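User: Could you take a close look at one part of this structure for me, the sheet and what packs around it? A connected walk-through would suit me best.

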Amino acid sequence: MRLSTRQILRAGFALLVTTLTSAAFAQTSFSATYKGGSTSSCGSTYSIAGKEPTASGKYPVYIHIGGTGETYNGAWAMAAVNAMAAKGFVAATVQYDNGSFGTCTTISTRAKCIFNGANANSAIAKLCSRAKADCSKGVVTGGLSQGSIISVLSRNFDSRIRASMGQGTGSTYTVAYNLESCMADGRHTQPGDRIRIINGERDMFVGGTESIARSQAELVTGLKCSGLSPTECFRANGSGWAVVKDYQVNDLYADHCFMGLGTYGAQCTGVLAVDTNYQYGSGAWALPATTNWLKSFVTP
């Protein structure tokens, strides 16, 4: 698909700004392992891939969780990790048992293995023990699809988690996967005013229409806005939700994986590419706005 001159210039300017910002927080890559899985034993070994500022000091922590079947250190996850490390976080993406979806019980168990700070083998414990991490400054989370469910549920297991972002997030996915018991506002420990949900209008996993994408975000955050078909609804502190429209993404198809540069009409293709409007854009649904919002809840 051919980008307009305006889109190219906007993306190029944003890339320049991002490069300059990243230079202020030069980053070093790291890897680690933790014990996780889909049972309470959390007995399987999984990988962690991260970035942290090269400069000496102590930093807050960002933890990213990918979607069902998504490679944990793929382009979409690493875009978030890189953005957060550039903002002064020990940032990491966590592998988990994501070969299937599940019920609230199954997904909550996976979330507990990742975020139970009392378990020295959990992912959050491993990250908080890093020399440059200071989790007393705050931990924030993000994720896509099943990873977004885990992100929202994260504070159920560690009170240091101050805010959570979710992309492609719902409370009632299908009759078979009704997650209202753990994902409806008030059913998760993370308060609605510490959650930011972004759904694509063509997200077939959430419902496939703008109205359903909106209603699912309302269910999770507990926030509704008046007016005819609003596509953004935020509290004063930036919590709330947005629905991504087709015209806002470069492939003109705001699906479940709107952050990818995919094929029109197909869900979650383009796994090797990141949409520039998402990665560098100025929209409230885009990565810069979301990462700035997460940063607002931690101590520098």
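Analyst: Strands S8 (residues 232-234) and S9 pair in the antiparallel sense, over three bridges. This is a predicted model, so please read what follows as a description of the prediction. Within that pairing, Glu232 stands opposite Ala242 in S9. The two strands form a hairpin with five residues between them, and in its turn Gly238 has a positive phi of about 90°.

On its other pairing, S9 meets strand S7 (residues 195-200): five bridges join them, and the two run parallel. Here Ile198 has Ala242 of S9 as its bridge partner. Ala242 is thus a handy reference point, being opposite Glu232 and also a bridge partner of Ile198.

How well covered is S9, which spans residues 240-244? Five of its five residues are buried, and this holds on both faces: Gly240, Ala242 and Val244 lie on one side, with Trp241 and Val243 on the other. Part of the cover comes from helix contacts. Helix H7 (residues 210-221) packs on the sheet and touches both S7 and S9, with a direction about 165° from that of S7.

Continuing along the sheet from S7, we reach strand S6 (residues 161-167), joined to S7 by four bridges in a parallel arrangement. Met165 stands opposite Arg196 of S7 in this pairing.

Now for the whole sheet. It is open and has nine strands, in the order S1-S2-S4-S3-S5-S6-S7-S9-S8, with mixed pairing. S1 (27-36) and S8 stand at the edges; each has a single partner strand, so one side of each is left without a neighbour in the sheet. From one strand to the next, the twist averages 15°.

Further along that order is S3 (residues 61-65), whose five residues are all buried, five of five, so S3 is largely enclosed by the rest of the structure. Val61, Ile63 and Ile65 are buried on one side, and Tyr62 and His64 on the other, leaving both faces covered. S3 pairs with strand S4 (residues 90-94) in the parallel sense over five bridges, and Ile65 stands opposite Val94 in S4.

S3 also leads us into the nonpolar interior. In general, nonpolar side chains in soluble globular proteins tend to be buried together. The largest nonpolar core here has 42 residues, and Ile63 and Ile114 touch the most other members. Helix H3 gives this core its largest share, five residues. A second, separate core of 32 residues includes Val81, Val140, Ala242 and Trp293, which brings our reference residue Ala242 back into the picture.

Ile114 deserves a moment of its own. Leaving aside neighbours within four places in sequence, Ile114 is in contact with Tyr34, Ile65, Val94, Tyr96, Ser122, Ala123, Ile124 and Ile150. Two residues in that list, Ile65 and Val94, are the ones that stand opposite each other in the pairing of S3 with S4.

The contact with Ile150 belongs to a helix pair. H3 (residues 104-115) and H5 (residues 146-153) pack at an angle of about 65°, and their axes are 9 Å apart. H3 passes H5 in a right-handed crossing. On the H3 side, the contact is made by Ile107, Ser108, Arg110, Ala111, Ile114 and Phe115; on the H5 side, by Gln146, Ile149, Ile150 and Leu153. Sorted by class, this contact has seven nonpolar, two polar and one charged residues.

Two loop residues round off the tour. Lys132 sits in the loop between helix H4 (123-128) and strand S5 (139-143). Beyond its sequence neighbours within four places, Lys132 is in contact with Glu52, Pro53, Thr54, Ala55, Gly57, Lys58, Tyr59 and Val90. The C-alpha atoms of Lys132 and Pro53 are 8.2 Å apart, although the two residues are 79 residues apart along the chain. Val90, in that contact list, falls in S4, residues 90-94.

The other one, Arg187, lies in the loop between helix H6 (180-183) and S7. Is Arg187 buried or exposed? With 52% relative accessibility, Arg187 counts as exposed, because the cut-off for exposed is over 50%. Not counting residues up to four places away, Arg187 touches Glu180, Ser181 and Cys182. Its C-alpha atom is separated by 9.0 Å from that of Val220, 33 residues away along the chain, and Val220 falls within H7, residues 210-221, the helix packed on S7 and S9.

Note on methods:
Residues are numbered from 1 along each chain as its sequence is written. This is a predicted model: local features need pLDDT of at least 70, side-chain atom pairs count only at pLDDT 80 or more; totals for chains, interfaces and linings use all residues. Side-chain values use heavy atoms; hydrogens and water are left out. Axes are lines fitted to C-alpha atoms, for helices over the stretch in contact, and angles run from 0 to 180 degrees between N-to-C directions. A crossing is left-handed if the near helix is turned anticlockwise from the far one by less than a right angle, and right-handed if clockwise. Contact means heavy atoms within 4.5 Å. Ala, Val, Leu, Ile, Met, Phe, Trp, Tyr, Cys and Pro count as nonpolar, Asp, Glu, Lys and Arg as charged, and the others, Gly among them, as polar. A nonpolar core is a set of buried Ala, Val, Leu, Ile, Met, Phe, Trp, Tyr and Cys residues joined through side-chain atoms within 4.5 Å. Buried means under 20% relative accessible area, exposed over 50%, partly exposed in between (1.4 Å probe, protein chains only). Two strands pair if DSSP finds at least two bridges between them.
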